[in-house]
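User: I'm new to reading structures. Can you walk me through this one?
Analyst: Sure, here it is.

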Amino acid sequence: MVMHLGARSLKTGVAVTIALMAAIALGMTPPIMAGVAAAMTTHPSVQRSLRAMVQNVYGNFIGALIAVVVVIVFGDQPIVVGLTVVFVIALHLKFGLHRTLTLTMVTVIFIMSSGMTDNMQFLFEGIRRFSMICIGVVSATLVNLLIFPPHYEHTLYEQILEQTTMLFKWTRLLSGGASDNTKIKKEMAAFDSRKLKIENYYHWYKEERLFSKKFLLVKLRRTVIFREMITATRLLHHALNELDRNENTYRLLPSDFRETLRLRLSGLMTYHERVLLKFDGKIRRKRHEEQAKKDYCHSSELASTFFSFFTQNKTDDWLDVLPLISTIIDYSQHVEHLDQLVSSFQTYHKKVNQIN
């Protein structure tokens with residue numbers, strides 16, 4: 001079995017190491033709780049880490065305070081610890097702190113199990129143990145901020161490009177009648193999985209905050225472009241689903257219309273592919289515009305072609321492919337809009353035309 005370790009895995013290890021070393025250096029025992037807190041609070045984006053740090057410190061402070069008060073008033077019997085955990089869970093859910101709940105429960109149990117009998121000693125022990133949790137939380141945040149800070153732009157673009165490339169291949173095969181039904185069913189599940197991954201990367205990229213105002217507008221424009229890329233890819237995926245679902249009806253269409261539809265769809269996908277490459281600066285803009293005139297067919301032309309054939313060959317079977325035609329037209333409009341967004345971006349930001 002081959003193990004793939006990403007940056008997040010490595011950063012989690014570094015954060016745990018730093019938290020343990022800091023706790024040992026300050027003479028805090030057992031230092032393992034600082035490591036546990038660091039491992040539990042490492043997040044995929046810097047912005048999420050900063051937000052989680054504030055929430056964890058706040059949530060754990062509430063949990064620690066309740067734990068100290070309960071032990072002083074009621075003691076540390078197992079039933080008291082259990083009821084305290086239930087109360088803390090209810091309180092966190094009430095105030096929307098569910099993301100910090102797991103670590104807070106660990107904090108409550110950790111503090112209440114100190115075994116101190118003197119109230120003043122227990123109070124200081126509670127503060128010390130809460131401080132250990134804070135060391136772990138802060139360590140995880142600083143590591144994510146300073147060591148290999150995540151840059152999701154390149155990964156997001158590569159994921160979109162991979163997804164669309166596979167969609168291009170299977171759409172061409174299916175529209176040309178050369179697909180393998182067994183394999184395409186498996187590929188459909190993979191498309192759904194990659195779609196969720198792309199959405200996650202997009203949200204993480206969108207959450208990233210820039211400290212330089214110089215690149216803020218660039219980031220905002222690229223966010224819009226990525227959103228449109230995802231929309232276009234989703235519509236192509238939907239078109240492939242429609243082709244697969246109505247494959248028999250599609251094959252029974254008149255051969256001349258089926259060929260026309262195949263050519264229009266193929267040209268549209270070629271246009272889409274060139275727009276993606278243009279965004280990364282791999283195709284010259286002028287060259288792309290010249291080729292686009294040959295490959296691309298406006299959505300109005302596709303609709304006119306469909307209704308022209310439908311008028312000549314009226315049959316209910318044609319209604320089964322109407323959702324496919326509608327999806328292709330919608331896909332066409334979004335690809336054209338994507339091209340306009342990329343052209344506008346490259347006009348105003350000529351020095352940042354390549355993905356970082």
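Analyst: One term before we start. A residue is buried under 20% relative accessible area, exposed over 50%, and partly exposed in between. Keep in mind that this is a predicted model.

User: OK, try it on Arg-262. Buried, partly exposed or exposed?
Analyst: Partly exposed, because Arg-262 has 26% relative accessibility.

User: What does Arg-262 form a salt bridge with?
Analyst: With Glu-259. Their closest N and O atoms are 2.6 Å apart. Glu-259 counts as partly exposed too, at 36% relative accessibility.

User: Where do those two lie?
Analyst: Both Glu-259 and Arg-262 are in helix α11. They are three residues apart, about one turn of the helix.

User: How many salt bridges are there?
Analyst: The count is five. Another one joins Glu-242 and Arg-245, with the closest N and O atoms 2.8 Å apart. These two lie in helix α9, again three residues apart.

User: Is Glu-242 buried or exposed?
Analyst: Buried, because its relative accessibility is 7%. Its partner Arg-245 is exposed, with a relative accessible area of 56%.

User: Which salt bridge links distant parts of the chain?
Analyst: One of them is Arg-227 with Glu-199, at 3.3 Å between the closest N and O atoms. Arg-227 is in helix α9 and Glu-199 is in helix α8, 28 residues apart. Arg-227 is partly exposed, with a relative accessible area of 28%. Glu-199 also counts as partly exposed, at 22%.

User: Back to arginines. Where is Arg-222?
Analyst: In helix α9, which covers residues 216–245. Arg-222 counts as buried because its relative accessibility is 2%.

User: What does the Arg-222 side chain contact?
Analyst: The side chain of Glu-153, through a polar contact of 2.9 Å. Glu-153 falls within the residue range of helix α7, residues 152–175.

User: How far does α7 reach?
Analyst: Its 24 residues reach 34 Å from first C-alpha to last. That is close to the 34 Å expected at 1.5 Å a residue.

User: And what follows α7?
Analyst: Gly-177 does, with a positive phi near 75 degrees.

User: New topic: aromatics. How many pairs?
Analyst: A search of the whole structure finds eight aromatic pairs. Take Phe-61 and Phe-130: their ring centres are 6.0 Å apart and their planes sit at 65 degrees, so the pair is edge-to-face. This pair links distant parts of the chain, with Phe-61 in helix α3 and Phe-130 in helix α6, 69 residues apart.

User: Are those two buried or exposed?
Analyst: Phe-61 is partly exposed, with a relative accessible area of 46%. Phe-130 counts as buried, at 15% relative accessibility.

User: Got another pair?
Analyst: Phe-279 and Phe-345 form a tilted pair, 6.0 Å centre to centre with 50 degrees between the planes. Phe-279 is in helix α11 and Phe-345 is in helix α14, 66 residues apart. Both are buried.

User: Which cluster includes Phe-279 and Phe-345?
Analyst: One aromatic cluster, formed with Tyr-157, Tyr-205 and Phe-226.

User: Last one. What surface patch does Phe-61 help make?
Analyst: A nonpolar patch of about 580 Å². Its other residues are Leu-65, Val-69, Ile-72, Val-73 and Phe-74. Patch members need over 30% relative accessible area, and Phe-61 has 46%.

Note on methods:
Residues numbered from 1 in each chain as written. Predicted model: local features only at pLDDT ≥ 70, side-chain atom pairs only at ≥ 80, totals over all residues. Heavy atoms only, no water. Patch = residues over 30% accessible without salt bridge, like charges linked within 9 Å, V, L, I, M, F, W, Y side chains within 5 Å. Areas by Shrake-Rupley, 256 points an atom, 1.4 Å probe, with all protein chains shown as cover. Salt bridge = Lys/Arg side-chain N within 4 Å of Asp/Glu carboxyl O. Buried < 20%, exposed > 50% of the residue type's maximum accessible area, 1.4 Å probe, protein only. Helix = DSSP H or I, 4+ residues; strand = E, 2+ residues; numbered from the N terminus. Polar contact = N/O pair within 3.5 Å; in protein donor to acceptor, adjacent residues only side chain to side chain. Expected span 1.5 Å × (residues − 1). Phe/Tyr/Trp six-rings, centres within 6.5 Å; stacked < 30°, edge-to-face > 60°.
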